[in-house]
Every structure is written in structure tokens, then in C-alpha cells.
Amino acid sequence: MSINVEPPGVQDASNSDETKFFTVQLKEEFFTVQLKKEDSSRLGLKYRGRKEGLVITAIIHGSPADTWNRIADIDRVICVGDVIVACNDQEINPDAANLKDCNGEAVVKSMREPAEVHVLRIGKTGPRLYIPGDTSGCIENVNFLEDQVASFEFVQGGDGIDDEIFVKQLELKMLTWNQKGIVFVTVLTPNALTIILWSAMGAGFSLFGTLFPGTNNTLGNLLVLLATIIALNMYLVDWHKWEGNARRVITLLVVIYIGCIGGILKCRFYPQAPLVISIFHLPVFIGVLRATAFKQCHRGSFYRAVGQCGLIVGVGIMILWLAWMTLEAWDGDWKYTDATKDRLVERSADLYATVELKFEGTTRSLNYKLDCKQVPTHNFKFVYGQPVETIYEYTPNDKKFIGKNCSSVKTVWFLLWVSPFVCALVTGILAGFCAIHGTMMDSNDMSRAEKPLKQFFMMVGVLVMLMWVAASIASASMRLTGTIFSFCGAGLVALFAWGYLEIGTKVINSNLKHSKLMGQLISVFKNDWFRACVVCGFNVTLPAWFAIEVVRAKVRRLRKTTTSKSWTTTEAQLAWGFLEEWQWASIFMKVNLLCMLYWGMSIGVAKITVVFLAWLNEALASWSYLAVNIALFLIAEFLMMLPPTPGIPVYIIMGIILAGQGRKVEGVGYGGGLIIGIVSAFLVKEVSVVGQYAIGFFMGKSVKIQQLVGVDKVPIRAVEKIMQSKQVIGKVAVLVGGPDWPTNCLCGVLRLSLWTCVWGTIPVITIIGACVMAGAFLAGPKEIMTDTEKSMWSAVANTALVLSGVVQMVAGVIAMYYIQGVVSKDGEELAKPRPEHEPVYQLTLAEEAFRETHAEVLRWDSLPRPWLLLIAVSASMMVGSIFVFQFMDSLCFVDFQVNDRVSDPEGLNCGSNLGCAIFRLVNGDTPIGWSALGIFFFACFLHFNFSSYVVRVAKKRLAAKSADLPAFEEFPTNAGP
């Protein structure tokens with residue numbers, strides 16, 4: 001297609017008989033823009049009327065059109081010379097005989113209407129260049145862009161205008177091979193340093209041997225404390241306002257690396273710290289490169305280059321690691337076998353030597369063969385170089401102390417062996433993220449600012465889901481869970497830093513405020529449930545920040561950098577003003593409910609389930625194999641019918657029991673027991689799908705249940721649409737990646753096909769099989785195993801658990817992708833009312849009056865002070881107790897896993913008494929566990945007291961309104977709890 005257009009510099013055609021035209025061939029003919037009028041009634045476009053459309057002659061700085069250009073993709077930028085062919089429902093008729101009949105006046109009138117949003121359809125006929133500013137500023141910008149990021153192709157105009165020079169195309173420079181080489185070195189450097197410093201292939205053993213002594217941990221604590229104090233002082237003196245970038249950067253780096261060195265020195269108690277700190281430099285280096293030398297480069301090209309280089313480095317590391325393990329000519333055979341573990345232990349001699357044990361008034365080093373390889377009973381001493389057992393018998397606490405140190409050293413040498421694989425995995429994940437990000441930058445479905453924001457929240461969801469998976473496998477390996485949480489925490493920090501640098505607060509505040517995605521996010525941010533999540537997440541740091549701001553204001557007055565006499569800073573006043581608008585009574589109630597949910601899922605039910613399954617393992621030990629199978633199937637099925645029960649511990653215990661007891665049965669054996677366990681667990685899952693579906697089906701007959709589920713909400717309808725479509729991958733992802741009980745019950749409530757739910761769940765056998773194998777590996781092929789054999793099978797079990805977690809995480813991510821895609825594409829259609837949901841709508845409408853009255857009662861300015869204090873104290877106690885449970889778990893509860901024995905004298909020591917085992921799960925060595933539980937349950941009592949009071953008052957007030965009675969005083973001045 002071609003359109004004849006008058007060059008911008010030519011006079012209006014109506015005033016000239018010698019109008020000159022040039023022809024532009026269009027690769028993509030038209031594009032659509034949405035311009036929103038704010039304070040001004042103008043769109044910011046100057047134009048001339050032609051029968052082909054309105055030819056744009058200028059774009060006003062600071063106008064809606066200028067704002068659009070600053071956030072739009074390059075191929076959707078409005079340029080001088082483009083032609084407006086439609087506005088809202090008015091279109092130009094290009095086939096009209098003259099200018100008067102082309103409907104141009106109607107289009108102009110539509111553009112001048114005071115409507116908030118104007119949708120313009122524009123033809124790409126102008127030179128593809130837009131640089132804001134006056135003439136001199138444009139020339140300066142062109143020169144800068146040509147030097148830094150852009151190439152310009154100047155071409156002659158069409159026939160009759162040979163003297164005119166036009167800029168034809170603006171192309172952001174793609175990365176050259178030299179620049180890609182810099183990216184490759186940036187990706188390679190942190191990986192190379194990690195392998196050299198913190199792996200068995202490099203100097204890992206010697207470095208850990210130097211850093212492992214307990215005195216270094218003390219020094220590490222001091223350095224971390226010093227870094228924290230310096231950072232706090234920098235914040236108090238407004239470090240970000242210091243003159244000179246070099247001064248700020250150097251100071252920041254000094255503080256950061258003091259903290260990093262302190263973290264590395266604490267490797268005795270946090271063995272994963274050096275590895276996490278070292279590999280964390282990978283996203284940091286990439287971010288620095290992007291923010292400095294490559295700041296003006298084509299975004300998609302940069303991220304694709306990072307993805308490609310990351311893939312090459314990741315694959316190269318895997319090849320290198322496999323070659324190191326298999327090529328004996330290199331450094332011997334390093335495949336994970338008994339011989340390899342013996343070599344790892346041998347190279348860890350310095351680590352064992354640095355661990356000091358004090359018994360009988362003497363000090364000795366930890367000895368692998370005598371302390372770790374077998375369960376120790378008595379202390380020993382060396383006589384003429386030979387160990388001699390003494391009469392001192394270890395107490396249970398002594399054995400715990402020895403076992404803890406053995407486990408710590410073992411974790412170190414295992415991490416040293418596996419660290420190249422960790423590097424390859426992290427680099428691969430980062431490469432995939434960057435490759436997807438680079439590809440999304442070239443798509444045209446949304447603005448450049450909205451794409452990374454959308455991807456940011458997707459990746460946050462992925463990391464949170466990974467944390468959920470890690471928490472679900474805690475019953476089998478707390479240390480593995482802690483390691484995964486460490487990497488996820490570092491990933492979240494890197495992701496938020498990337499989001500700040502790549503998206504920017506200015507873009508979020510100005511450019512995205514009119515986007516559909518930002519509108520959805522703003523509605524979420526204003527929701528009290530989200531704000532309750534924020535309060536829970538920030539926890540004790542929120543009041544701590546306000547306290548720091550008070551000190552900061554005082555420092556500013558002492559330094560005479562402010563004339564304000566306020567007791568706090570301007571930033572704190574703004575935050576306080578923002579928080580004052582929140583409905584805190586409602587938020588505190590939701591904070592309490594979230595804390596109760598967390599306690600119930602992660603502490604109450606989860607820990608009790610683990611103890612029960614371990615007790616069950618011992619209780620069924622004397623039963624026949626057939627009876628064990630039947631009983632275990634029924635018990636597992638019953639547990640799966642309970643909403644809070646996690647599935648992974650159930651599958652693990654089935655592997656432990658059926659494979660472990662299969663060893664004793666002739667004709668079954670260990671392998672047969674493993675296969676029976678997988679088949680049995682899969683049948684449990686499929687039968688539970690039918691059972692959970694039935695629960696949802698019958699409960700779904702209640703309109704109230706339909707309302708609580710949200711059958712009339714867009715996300716639930718999106719799930720329904722996926723399950724009713726022919727998208728097999730989407731169905732399987734929803735059924736496999738979602739939580740067991742809620743997903744299947746939802747399918748029943750929605751009356752979806754039961755057959756679809758059953759066959760769509762079949763791929764879950766990969767997760768179930770890995771969990772059952774993990775349980776079988778924990779039991780081991782032999783009833784009595786050496787410590788080395790236990791260590792090997794434990795490592796294999798952890799690998800199986802990681803595999804199951806990865807599969808479930810991938811399924812969850814795919815499910816989120818499909819649900820988000822349906823919401824984005826069909827959200828408006830899904831939001832329309834449906835006849836079958838009319839009862840839900842009527843119920844919601846009927847309850848609206850009570851909800852409004854309930855919200856009125858909860859208003860912060862109308863509640864009596866005693867009740868305000870009660871709910872605030874309740875929420876504070878609840879959040880504080882959850883903080884203790886989360887970060888002091890080892891002080892609150894005994895480290896008990898599903899393969900442990902409740903009758904173990906060195907463990908819970910409860911024989912066959914299940915109640916005793918549950919009671920002794922709380923750590924009795926310190927009062928922290930029982931104190932935190934007491935605070936939590938007292939906070940629950942206060943919460944329910946307040947909740948019943950609010951409901952009671954709301955009902956009275958609603959009854960008064962319904963009866964049209966005069967207002968009465970529900971809140972006497974002496975009202976209180």
C-alpha cells in the first residue's frame with residue numbers, strides 16, 4: 001500500500017497550486033493508539049486535512065501524544081507525517097471524491113470531544129523518527145543518539161523534492177560481537193570464581209578449612225553488625241544525596257562487601273552462604289552492565305545476548321563437571337559413590353579438625369570415623385595414636401551436638417561437590433529469564449513499560465511457588481528446604497533490584513498509570529487483604545523504620561540540612577499520611593486470619609501430620625504386608641480428604657513403609673516394594689481426586705459456597721474456560737500444578753467433567769513417583785546401613801525431592817501462564833453476568849447491606865479506643881509469634897522428619913504414644929517455643945473476642961436501619977473488651 005502525503009515543510013494544499021507529494025511504502029500499514037486527556041482538552045497533535053486523512057505536522061511537548069510516544073514501542077510511535085484515519089467510531093473515507101465528503105470534519109470533532117480516552121487509528125506514512133524538544137534540542141539529541149545508540153539512514157524525497165532530506169529510519173543498535181563478548185565475560189566471571197573458590201574442583205576445601213573455625217563465626221557476626229551499623233548511619237545522613245557518584249558507589253561497595261565477608265565467615269553455621277553470595281554476583285554484574293555501559297542499547301538485543309551467553313556458559317559448566325566426575329585422567333573418579341564420599345571426607349580433614357568437642361574437661365576434634373560414621377555412645381581419647389573408649393557416656397544433648405556438627409561438615413563437602421551443578425542451574429534459569437524477556441521486548445501486545453512489569457510479577461510468582469514447594473518437602477529434609485529458601489531469597493532481592501532498574505519508579509508513576517495492567521494492580525494494592533499481606537511481610541521492620549525516621553529527622557536538624565521542626569522526616573510523614581487512610585481495624589483482622597492460616601498449614605497441621613506418619617510407620621511394623629498395604633491406603637485416603645493435609649509427606653511415608661517392609665517379604669523385595677508404593681500412591685491420588693471432586697460437587701449446591709469460591713469472578717471463570725477448552729497442556733498444568741484439595745473441589749463446584757479431572761491428573765505420577773522414591777531411598781535397601789550408606793541414600797532422596805519440586809513448580813508456572821493469558825484476552829467477556837450465577841449475585845446483593853454496616857463498624861475513627869487497642873495488640877502479638885516461629889524454628893520445635901522414629905530415645909522418646917510425641921515436638925530445652933505458642937493462642941482469643949463484638953454491633957445497627965428507627969448509641973463511653 002502507498003499513500004500520497006504532503007511533506008511537513010510544504011504549505012497547505014488549499015493555498016498552493018503546486019503541492020508536492022512523496023510516496024511511502026508501508027511494511028505495516030496502520031497502528032492504534034489510546035490517548036487520555038487529563039487537565040488539557042487537547043491531544044497534543046497538529047495536523048492538516050487531506051482526503052486520505054489528517055496529516056500530523058507537529059506533536060506538542062508534554063501532551064498526551066508526547067506521553068504515548070515515551071512509553072510506546074518504536075513501531076507504534078506517532079511521527080510527523082503520519083496520517084490519522086479514524087478516531088473512536090469516526091473514520092476517514094479515502095474513496096471520497098473531495099476533501100469535504102471524506103468525513104474529516106467528523107473525525108476532527110471526535111478528537112475534540114471531552115471524552116477521557118480517544119482511540120486513534122494511524123497510518124505509518126511519516127519518517128519513523130520522534131525526538132522531543134525544540135529544533136536545537138533535536139539536533140543535539142540526534143548527534144548524541146547517533147554516537148551512542150542509533151543509526152540514521154538519510155534518503156532523498158520523492159519526485160519533485162530532491163532537495164529535501166528526510167530521516168527514514170531510526171534503528172537502535174543491536175549488540176556487536178565485541179559487546180556480546182563483554183556480556184559473555186560478565187556471565188562467565190562469577191561462575192568461574194564460584195567454581196575456583198567454592199567447589200571440589202578448585203580450592204574449596206582449603207578455603208573452607210581456613211574459614212571453618214568457630215572464631216571466624218564470631219568475627220563474621222561482628223562484620224555483619226559493622227556493615228549494618230555503617231549502612232544505618234549512611235541512611236541517617238542521606239547517603240543518596242552525597243555529591244559525586246564515585247563517592248556514593250565506593251561507600252556502598254565497602255558496606256556491601258563488609259557484609260558479604262561477614263556472611264562468608266559464618267559458613268560454619270550457614271554452609272550455603274559462600275555459594276549464594278558468590279553466585280549472586282551473576283545477576284548483579286549483569287544489572288551493572290545494563291545500567292552503565294549498555295544502558296542505551298536495544299533492550300531486546302541485550303537480554304537475548306545474556307540468554308545466549310548464559311546458555312553457553314551453563315552447558316559448558318555441566319560438560320566440565322561431568323568430565324571432572326568421569327575422566328580419571330583428570331582427577332580420578334568423582335561420581336557420587338562410597339569411594340567418592342570417602343575422598344570428600346578425606347579432603348575435609350581440616351574441617352573436622354576445626355570442630356572442637358569438650359567432654360570430661362578435655363577438648364578434642366571431631367572425628368568422622370568415630371563420631372559421624374557410626375552412632376557414638378561413649379567419649380574416647382587417643383593413647384599412643386589409638387582411640388580408646390572412656391567411661392563417659394554421651395547424653396542425648398551430647399549426641400545431638402555431635403550429630404549437628406557432623407551434619408554441618410557433611411553439608412559443606414556435599415555443597416563443594418555439587419556447586420558446579422548449582423552454578424549451571426542458576427545460570428540456566430537466569431538465561432531462560434533473559435531470553436524470554438528479550439523475546440517479549442519484540443512483541444507488540446503492550447507497551448515497553450508494561451512488559452517488564454508483567455514479567456516481574458510472573459517471576460515473583462515463580463519464586464514464591466518455589467518457596468511453597470520447598471516448604472512442602474520440609475518433612476523430609478529441613479536442610480534442603482533451607483538451602484532452597486536461601487537461593488529464593490537471593491533471587492527475590494535480585495528480581496526487585498532488576499524491576500527497579502529496568503522499569504523505574506517514574507515509568508510506573510506516570511507512564512503506566514493508564515494501562516489496563518496497572519489498573520488491575522492498583523485495585524489489588526488498595527485491597528485490605530493485600531495490605532494485610534504487606535503488614536505480615538514487613539512484620540517488625542515497619543515500626544522499626546518509623547523509629548529510624550525519627551532519629552533521621554534529628555540528624556538532619558543537627559547537620560542543618562533541613563529547616564523543618566517536625567519530629568520525623570518528610571518521607572515518614574508522607575508514609576504516615578498514606579497509612580492513615582488505611583482501614584486498620586479491617587486490616588488487623590485480616591492479618592490475624594492470615595497468621596492463623598500460616599500457623600495451621602505450616603506449623604500445626606504440617607508438623608502434626610509428619611509426627612503422625614512417623615508414628616504410623618512404627619505402628620505398622622509388625623503387621624503383614626497385605627494388611628499394611630490396605631491400612632496405609634485407607635489412612636492415606638482419609639488424610640487426603642482433609643483440606644490442610646499436604647500430599648508430599650503422605651507419598652514419602654508410603655515409600656518408606658512399603659519399600660522398607662517389602663525388604664522382608666520374599667518375592668517382593670525392596671524394588672517390588674518401591675513399585676507397589678508408586679502404584680498405591682497413584683491410586684490414592686486418583687481416588688482422592690474423585691472424593692475431593694464429590695466434596696466440591698455437593699458443597700457447590702450451596703449458593704454461599706459458590707459465593708465463597710468466587711464462581712462469578714474472572715480468575716475462577718478463566719480456570720473454568722481452560723478446563724472446558726481443548727488445551728490439554730493448560731488442563732494438565734492446572735490439575736498438576738495447583739494445590740490438591742482446593743483444585744479438585746473447585747472442579748466439583750464448577751461442575752466440570754470428572755473424567756477430565758481424572759485423566760488430566762495422570763501426569764502427576766511423575767511427582768508422586770519422585771516422592772515415593774525419596775521415601776524409599778530414606779528407608780534404604782538394607783535395614784541396617786552404615787553412615788556412609790545412609791548419607792548416600794539421603795543425598796539420592798534429596799535429589800528425588802528436588803526433581804518432584806521442579807516438576808510441580810513448572811506445572812504451576814504453566815498454569816499461571818495459561819490463566820493469565822485467558823484473563824488478559826477474555827477478561828471483559830468473563831466479567832459479564834451469567835444467568836446461572838444470578839443466585840450468587842442476589843446473595844451478594846442481599847449481604848451488601850451487612851458488609852457495608854460491618855465496614856462502618858470497623859472504621860478506625862468510630863471504634864472505641866479499648867477495642868482499637870485490643871485488635872491492635874492482637875495483631876501485634878500474632879505477627880510477633882509468627883516471626884518467632886519463622887526465624888527461630890529450631891528453638892521452638894524439635895527437628896523431626898518423616899523418616900525419624902517417635903520411639904527413638906535420642907529423639908522424642910515416646911514409645912508408641914502419639915500424644916506424647918506431639919507434645920514433645922515443642923522444644924523443651926528453651927521456653928521460646930511454648931511462649932510463642934501461648935502468645936499466638938492468646939492473640940487468637942483476643943481476635944475472636946473482637947470479631948464477635950463487631951458482628952454483634954453490626955447486626956444491631958443493621959436492625960435499626962431496617963426498622964427505620966432513630967440512631968442509637970452502640971458505643972457507650974465506657975465500652976471496652
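Biologist: Looking at helix α7, what covers its buried residues?

Modeller: Other helices do part of that job: the cover includes α4 (177-198), α5 (204-211), α6 (214-236) and α8 (273-291). Keep in mind that this is a predicted model.

Biologist: Okay, and which residues of α7 are buried?

Modeller: Here's a general idea to start with. An α-helix has 3.6 residues a turn, so residues three or four places apart point the same way. Now to the case here: R248, V255, I258, C260, G262, G263, I264 and L265 are the buried ones in α7.

Biologist: What span should the 21 residues of helix α7 have?

Modeller: Count 1.5 Å a residue, and α7 (residues 245-265) should span 30 Å; the C-alpha atoms at its ends are 30 Å apart, which agrees.

Biologist: How do I read the way two helices pack?

Modeller: Two packed helices are described by the angle between their axes and the distance between the axes. Try α6 and α7: their axes cross at roughly 155 degrees and come within 7 Å. An angle over 145 degrees counts as roughly antiparallel, and α6 and α7 are therefore roughly antiparallel to each other. The crossing of α6 past α7 is left-handed.

Biologist: Which residues make that contact?

Modeller: On the α6 side, N216, N217, L219, G220, L223, V224, L226, A227, I230, A231 and M234 take part. From α7 come T251, L252, V255, I258, G259, I261, G262, G263 and L265. Sorted by class, the contact of α6 with α7 has 13 nonpolar, seven polar and no charged residues. You've met V255 and I258 already, as they are among the buried residues of α7.

Biologist: What about the loop between α6 and α7, which residue should I look at there?

Modeller: Have a look at D238, which sits in that loop. Its phi is near 55 degrees, a positive value in a residue other than glycine.

Biologist: Is D238 buried or exposed?

Modeller: D238 is buried, as its relative accessible area is 5% and the cut-off for buried is under 20%. You can compare R751, in the loop between α29 (740-749) and α30 (754-760). R751 isn't a glycine either, and its phi is positive, about 60 degrees. With 37% relative accessibility, though, R751 counts as partly exposed.

Biologist: And how far apart in space are G214 and F269?

Modeller: Distance along the chain and distance in space are separate things to read. G214 and F269 are 55 residues apart in sequence, and their C-alpha atoms lie 9.3 Å apart. G214 belongs to helix α6, and at 32% relative accessibility it counts as partly exposed.

Biologist: Let's try another pair. At what angle do α22 and α24 pack?

Modeller: Helix α22 (residues 584-619) and helix α24 (residues 647-662) pack at about 15 degrees, and their axes are 10 Å apart. That makes α22 and α24 roughly parallel to each other. Their crossing is right-handed. Where they meet, L613, A614, L616 and N617 of α22 touch P649, V650, I653, I656, I657 and Q661 of α24. By class, this contact of α22 with α24 has eight nonpolar, two polar and no charged residues.

Biologist: Which residues does I657 touch?

Modeller: Leaving out residues up to four places away in sequence, I657 touches L616, N617, L620, V628, L632 and G662. I657 is in helix α24 and, at 0% relative accessibility, counts as buried. Take I657 and L616: they are 41 residues apart along the chain, and their C-alpha atoms are separated by 9.0 Å.

Biologist: How does α24 pack with α25?

Modeller: α24 and helix α25 (residues 669-699) pack at about 150 degrees, with axes 7 Å apart. α24 passes α25 in a right-handed crossing. The residues of α24 in this contact are Y651, M654, L658, A659 and G662, while α25 brings residues including G669, Y670, G673 and K685. By class, the contact of α24 with α25 has nine nonpolar, five polar and one charged residues.

Biologist: Zooming out, how many helices and strands are there in the protein?

Modeller: The protein has 37 helices and 14 strands. Of its 977 residues, 46% are buried. Among contacts with a separation of 6 or more, 71% are between residues 24 or more positions apart.

Technical notes:
Residues are numbered from 1 along each chain as its sequence is written. This is a predicted model: local features need pLDDT of at least 70, side-chain atom pairs count only at pLDDT 80 or more; totals for chains, interfaces and linings use all residues. Side-chain values use heavy atoms; hydrogens and water are left out. Axes are lines fitted to C-alpha atoms, for helices over the stretch in contact, and angles run from 0 to 180 degrees between N-to-C directions. Helices (H or I, at least four residues) and strands (E, at least two) are DSSP runs, numbered from the N terminus. Angles under 35 degrees count as roughly parallel, over 145 as roughly antiparallel, 65 to 115 as roughly perpendicular and the rest as oblique. A crossing is left-handed if the near helix is turned anticlockwise from the far one by less than a right angle, and right-handed if clockwise. Contact means heavy atoms within 4.5 Å. Ala, Val, Leu, Ile, Met, Phe, Trp, Tyr, Cys and Pro count as nonpolar, Asp, Glu, Lys and Arg as charged, and the others, Gly among them, as polar. The expected span of a helix is 1.5 Å times one less than its number of residues. Buried means under 20% relative accessible area, exposed over 50%, partly exposed in between (1.4 Å probe, protein chains only).
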